[in-house]
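Me: Take one strand of this model and look at it closely. Then work outward to what surrounds it, and give the cut-offs as you go.

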Amino acid sequence: MTTTVAPTSAAPAPSGKTSGRSGKPRAAKLVRMVPLTPAIGLMLVFLAGPILYCVYAAFTNMALTGTGAANVKFVGLDNFRKAFNSGAFTNAIWLTLVFTLISAIIGQNTLGLGLALLMRKSTKVVRNFVGTAVIGAWVLPEVVAAYLLSAFFNDDGTLNVMLHAVGLPGQDWLYAAPIIAVSLANIWRGTAFSMLVYSAALSEIPKEIEESAEMDGASGARRLVFVTVPMISRAVMTNLMLITLQTLSVFGLIFAMTRGGPGTKSQTLPLYMYEQAFSFSQIGYGTAIALVMLAIGAVFSLIYLRGLNSEAA
Amino acid sequence: MVMRKRFKVVAAVSAVLLAVSACSQGSTTKQPDAGSSQSSGPAHIKIAYQQWGPGVVMKNFLTGVKAEYESANPGSTVEILPIVASENDYYTKLQLMMRSPNTAPDVVYEDTFLINSDITAGYLRPLDDYIKNWDQWSQFEDTAKGAAKALDGKTYGVPDGTDTRALWYNKQLFAKAGLPADWQPKTWDDVLNAARTIKQKVPGVTPLNVYSGKPMGEASAMQGFEMLLYGTKDTLYNNDQQKWVVGSQGFKDSLNFIKTVYTEGLGPSPKQALDPNMGSKVGTELLPGGKLAIALDGSWIYGNWQKTGAKPWPQWSTVMGQTAMPTQDGGGKGKVSLSGGWTWAIPAKSKNPDAAWNLIKTLQTQKNAAKYATDGAQIAVRKDVADDAGYKNSAKSTQFFTDLVSVTVYRPAYAEYPKVSNEIITAMEAVMTGQSSPDKAAKNYDEAVEGIVGKDKTTQGQ
């Protein structure tokens with residue numbers, strides 16, 4: 001009576017699943033990818049495509065008019081040689097570094113950290129008010145913010161009125177110290193981002209650590225420097241990397257406030273790039289500068305990533 | 001199981017359809033096939049021009065021409081495209097539009113100095129075949145015919161007028177400063193001294209305006225710098241040697257003049273001058289408002305003050321005087337003027353060139369040509385327009401500016417000129433803001449020009 005029929009009849013179902021495991025999932029994977037093709041296609045066309053075109057154009061003499069518009073010729077490293085021999089380019093790099101240092105690395109970073117620290121201890125009302133004001137500055141459209149700040153720094157503007165009210169001399173900020181003016185403008189505009197990042201990072205710190213440091217006798221400043229900041233060091237590095245890259249590419253704010261002027265006193269790399277590519281019609285040269293800017297951004301990123309990795313180790 | 005499979009198939013197919021429909025772009029205008037003869041069928045053509053500042057002369061003129069064209073060609077439509085951009089931004093925008101058949105207008109308003117540059121770029125279409133069958137072409141002066149002619153000998157545009165440049169001055173402010181109503185400066189120092197007198201005697205008024213800096217683009221180069229440079233012994237381009245001039249004393253002297261005007265406070269503040277609206281401000285606010293005493297400007301600015309203009313000012317013919325800009329030391333011809341002009345051109349990538357030519361013919365019927373020359377404050381380039389009574393009597397200044405045509409010079413409108421012009425205005429801005437000394441700015445200009453045209457195409461100035 002004990003035939004082997006019963007067990008074998010039960011076998012096919014589980015064995016069907018196990019034997020098919022190698023063949024079917026691969027096909028399933030490909031079918032799963034199909035709905036992604038429009039998204040991948042769009043990204044290739046609109047993201048990778050222009051970047052690759054930019055890389056191509058940087059090595060040509062492409063222009064909007066004149067020679068170089070009809071017959072685009074490959075010129076190798078000529079555009080880069082022209083850039084590195086150009087005083088205006090060196091000026092633009094210097095101004096970009098000054099702008100990034102003042103407005104991002106020093107300004108937004110420390111102000112954001114300071115605001116986040118203070119808001120930890122403040123009442124809910126104050127926290128909401130300050131938070132709304134700071135974030136409001138951040139979400140304003142760039143051109144609107146630029147006009148507001150233009151009016152603020154203008155010769156007859158609010159800043160000079162305030163300075164005169166306390167007896168200090170004013171000056172034509174946008175004309176005499178344009179890079180300082182746009183740096184302050186960018187700090188006003190972008191601090192919200194750092195503040196949010198640091199708020200999140202600080203809320204992760206367990207209260208017990210700070211309390212135990214306080215009980216051990218550490219003063220407020222020592223607690224900040226030796227306990228709090230090291231605990232959020234990863235957030236510091238990430239934040240610095242993000243705001244540096246964002247600040248390197250600030251264009252609209254500076255263009256609407258000073259157009260890069262007077263002369264070239266506030267002409268950072270993005271503005272120099274715009275002027276060469278569009279106002280002076282040299283697309284090839286402009287895209288070469290864009291690639292140099294990409295390289296500068298990459299160098300900054302490497303520095304920060306190094307910092308991140310060494311913290312993680 | 002089957003449901004899941006069917007769902008996957010449906011999802012995949014719909015995704016592919018979405019991608020396909022997103023990639024194909026329907027044309028924004030229904031065009032007839034490019035190969036068919038456009039003159040027989042109805043066409044939709046676009047005409048582009050610059051709209052900057054409050055003036056509406058061109059807009060009104062084109063609206064009238066559009067109505068004429070559409071009634072003469074039933075079924076065809078004309079779309080008027082105002083490009084709202086200042087000076088050089090307009091040229092950039094136009095070049096960007098002409099690069100693709102999808103965006104190229106059919107008729108464009110093209111400045112003569114860009115003709116060779118845009119032809120080298122392949123943006124414009126030669127008009128010789130159309131012109132040889134056009135009876136109006138014989139009315140155009142020879143210099144005008146040459147203005148739109150490229151180095152390859154073909155004509156690429158139909159000029160609608162020209163202009164000259166000189167000093168406009170406010171006789172009322174001059175009286176207050178004790179300066180003569182019939183002012184005839186003979187040297188640059190005469191001009192500067194008059195400005196200094198005004199600064200002293202009539203405070204609150206800007207003595208002299210000379211366009212300078214990058215925001216005012218070609219206006220700074222032509223009305224500003226070249227009006228000075230061509231009054232010295234040097235020029236931008238040596239026609240005999242066919243080479244660009246660098247290292248010239250005249251260039252440095254002209255930069256020094258700019259520096260003097262802006263550092264002595266004889267002109268607007270550098271900040272005011274670097275406003276891209278300065279051009280329209282001079283004509284519509286500063287001169288009619290008596291806030292500017294002397295303006296080194298063009299023959300056309302009275303167009304603002306006519307009844308059809310942006311700031312009608314009937315008293316202008318008694319208040320404003322004109323005198324020629326002198327040469328540096330009174331030598332040579334004694335007077336300096338430069339001439340430019342605008343043309344109507346057909347982009348190479350236009351889809352309706354025949355219809356576009358019909359529109360240009362409508363723009364330049366004798367009646368329309370005279371109308372625009374009058375309302376647009378142009379100097380006539382056609383014999384019949386020059387004889388037109390309406391044009392001749394339109395403005396007191398017309399005769400004065402037309403007489404300057406005998407001494408006027410033209411820019412070296414070669415393909416590299418726009419790039420050279422950009423270096424000129426960069427040098428001007430560096431000097432007027434105090435960023436560079438005139439010598440250093442001139443040296444930077446020399447190096448830049450050598451980079452643009454090649455060292456073998458440059459020659460030292462005197």
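Reply: What follows starts at one strand and moves out to its neighbours, the core, the domains and the chain contact.

This is a predicted model: local features need pLDDT of at least 70, side-chain atom pairs count only at pLDDT 80 or more, and totals for chains, interfaces and linings use all residues. Residues are numbered from 1 along each chain as its sequence is written, while chains are lettered from A and ligands numbered from 1 in the order in which they are written.

The part chosen is strand 3 of chain B, residues 107-111. Strands (E, at least two residues) and helices (H or I, at least four) are DSSP runs numbered from the N terminus. Strand 3 of chain B is mostly covered, with 5 of its 5 residues buried. Buried means that 20 or more other C-beta atoms lie within 10 Å of the residue's own; exposed means 12 or fewer, partly exposed anything in between, and C-beta atoms are placed from the backbone. In a regular strand, side chains alternate between the two faces of the sheet. Here Val107(B), Tyr109(B) and Asp111(B) point one way, and Val108(B) and Glu110(B) point the other way. Both sets are buried, Asp111(B) and Glu110(B) included.

Next, the pairing. Two strands pair if DSSP finds at least two bridges between them. Strand 3 of chain B runs parallel to strand 1 (residues 44-50) of chain B, joined by 2 bridges. Strand 14 (residues 341-345) of chain B runs antiparallel to strand 3 of chain B, with 4 bridges. Val108(B) appears in both pairings: Ala48(B) is its bridge partner in strand 1, and Ala345(B) is its bridge partner in strand 14.

Now turn to Val107(B). Not counting residues up to four places away in sequence, Val107(B) touches Ile45(B), Ile47(B), Trp344(B), Ile346(B), Ala356(B), Leu359(B) and Ile360(B). Contact means C-beta atoms, placed from the backbone, within 7 Å.

Val107(B) also belongs to the largest nonpolar core, which has 169 residues. Such a core is a set of buried Ala, Val, Leu, Ile, Met, Phe, Trp, Tyr and Cys residues joined through C-beta atoms within 7 Å. Ile289(A), Val107(B), Ile258(B), Ala293(B), Leu359(B) and Ala427(B) touch the most other members. Helix 19 of chain B gives the most to this core, with 9 residues. Domain 1 and domain 2 of chain B each supply at least three residues to the core. Apart from this core lies another, of 16 residues, among them Ala104(A), Leu115(A), Met237(A) and Ile243(A).

The domains come next. Domain 1 of chain B is 44-163 + 340-402, and domain 2 is 165-338 + 411-460. These bounds come from an automatic or database domain assignment. The C-alpha centres of the two domains lie 27 Å apart. Their contact takes 27 residues from domain 1 of chain B and 27 residues from domain 2 of chain B. On the domain 1 side, helix 3, helix 4 and helix 18 (398-403) of chain B each supply at least two residues. Helix 4 gives the most there, with 4 residues. By class, that side has 11 nonpolar, 12 polar and 4 charged residues. Ala, Val, Leu, Ile, Met, Phe, Trp, Tyr, Cys and Pro count as nonpolar, Asp, Glu, Lys and Arg as charged, and the others, Gly among them, as polar.

For comparison, consider another enclosed strand. In strand 9 (residues 292-298) of chain B, 7 of the 7 residues are buried, so this strand is largely enclosed by the rest of the structure. Strand 5 pairs with strand 9 of chain B in the antiparallel sense over 5 bridges. Strand 6 (residues 206-209) pairs with strand 9 of chain B in the parallel sense over 3 bridges. Trp168(B) lies in strand 5 of chain B. With 25 C-beta neighbours inside 10 Å, Trp168(B) counts as buried. Its contacts beyond four places in sequence include Ala295(B) and Asp297(B).

Last, the contact between chains. In this contact, 30 residues of chain B meet 25 residues of chain A. Helix 1 of chain B gives the most to the chain B side, with 6 residues. That side divides into 14 nonpolar, 10 polar and 6 charged residues.

How values were computed
Contact = placed C-beta atoms within 7 Å.
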